Amino acid sequence: MRGLIAFTLLIAAAPAVAQDAAPSATVLASGMASYYGDAHAGNRTASGERFDPDGMTAAHRTLPFGTRLRVTDPSTGRSVVVRVNDRGPFHKSRVLDLSEAAARELGIVRRGRALVEIALAATTAQIGRAHV
């Protein structure tokens, strides 16, 4: 019973902690992002892990693996937090390749690419949909 009460209190406090810990982000870059999906599922990424199109990950040319980024589509205001686990994109006009799940959350799957802003994520605990 004590475990259930502690768990309930922890869950109730979690959103407040995440919101309080979110400083304003500085935009690192802006440019075109695209995504890659099922065709690459299971292939090894540059970091050595297997690519999962349902994971919240991204490929960036130079940022260290494990870097968490907040990616925002300024035309819609939607944003996600992703973890860099691969190198790319290899198309010189793009700044980021997203997993299909991240692209879906941003609403760019249908378009295939979108102008995005990239910032360091507010906290390392935030993965997935951002509450903005």
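This passage describes the fold, the central strand pairing and a few side-chain environments of one protein chain.

The model is a predicted one, in which local features need pLDDT of at least 70 and side-chain atom pairs count only at pLDDT 80 or more, whereas totals for chains, interfaces and linings use all residues. Residues are numbered from 1 along each chain as its sequence is written, and side-chain values use heavy atoms, with hydrogens and water left out.

The protein chain contains two helices and seven strands; helices (H or I, at least four residues) and strands (E, at least two) are DSSP runs, numbered from the N terminus. Read from the N terminus, the elements follow the order α-β-β-β-β-β-α-β-β. Of the 132 residues in the protein chain, 39% are buried, where buried means under 20% relative accessible area, exposed over 50% and partly exposed in between (1.4 Å probe, protein chains only). The protein chain exposes about 7,800 Å², with carbon and sulfur atoms supplying 57% of that area; accessible areas come from the Shrake-Rupley method with a 1.4 Å probe, and for residues only the protein chains shown count as cover. Contact means heavy atoms within 4.5 Å. Among contacts in the protein chain between residues at least 6 apart in sequence, 75% join residues at least 24 apart.

Strand β5 makes a good starting point for a closer look. This strand spans residues 94–99 and is mostly covered, six of its six residues being buried. Two strands are taken to pair if DSSP finds at least two bridges between them. Strand β1 (residues 27–36) pairs with β5 in the parallel sense over five bridges, and Ala-33 has Leu-96 in β5 as its bridge partner. Strand β2 (residues 57–59), in contrast, runs antiparallel to β5 and is joined to β5 by two bridges; here Ala-59 has Asp-97 in β5 as its bridge partner.

Strand β2 also holds Thr-57, which counts as buried because its relative accessibility is 6%. Leaving aside residues up to four places away in sequence, Thr-57 touches Phe-51, Asp-52, Val-82, Arg-83, Asn-85, Asp-97, Leu-98, Ser-99 and Ala-102. A second threonine, Thr-45, is found in the loop between β1 and β2 and is buried, with a relative accessible area of 7%. With the same sequence neighbours left out, its contacts are Arg-50, Phe-51, Asn-85 and Asp-86. The side chain of Thr-45 also makes a polar contact with the side chain of Ser-47 at 2.9 Å; a polar contact is a pair of N or O atoms within 3.5 Å, and within protein one must be able to donate a hydrogen and the other to accept it, while residues adjacent in sequence count only if both atoms are side-chain atoms.

Turning to the aromatic rings, those of Phe, Tyr and Trp (its six-membered ring) pair if their centres lie within 6.5 Å, with planes under 30 degrees apart counted as stacked, over 60 as edge-to-face and the rest as tilted. By this rule there is one aromatic pair. The ring centres of Tyr-36 and Phe-51 are 4.6 Å apart and their planes lie at 20°, so the pair is stacked. Because Tyr-36 lies in strand β1 and Phe-51 in the loop between β1 and β2, the pair ties together parts that are 15 residues apart in sequence. Tyr-36 and Phe-51 are both buried.

Finally, a cis peptide bond joins Gly-88 and Pro-89, with omega at about -5°. Pro-89 lies in the loop between β4 (78–86) and β5.
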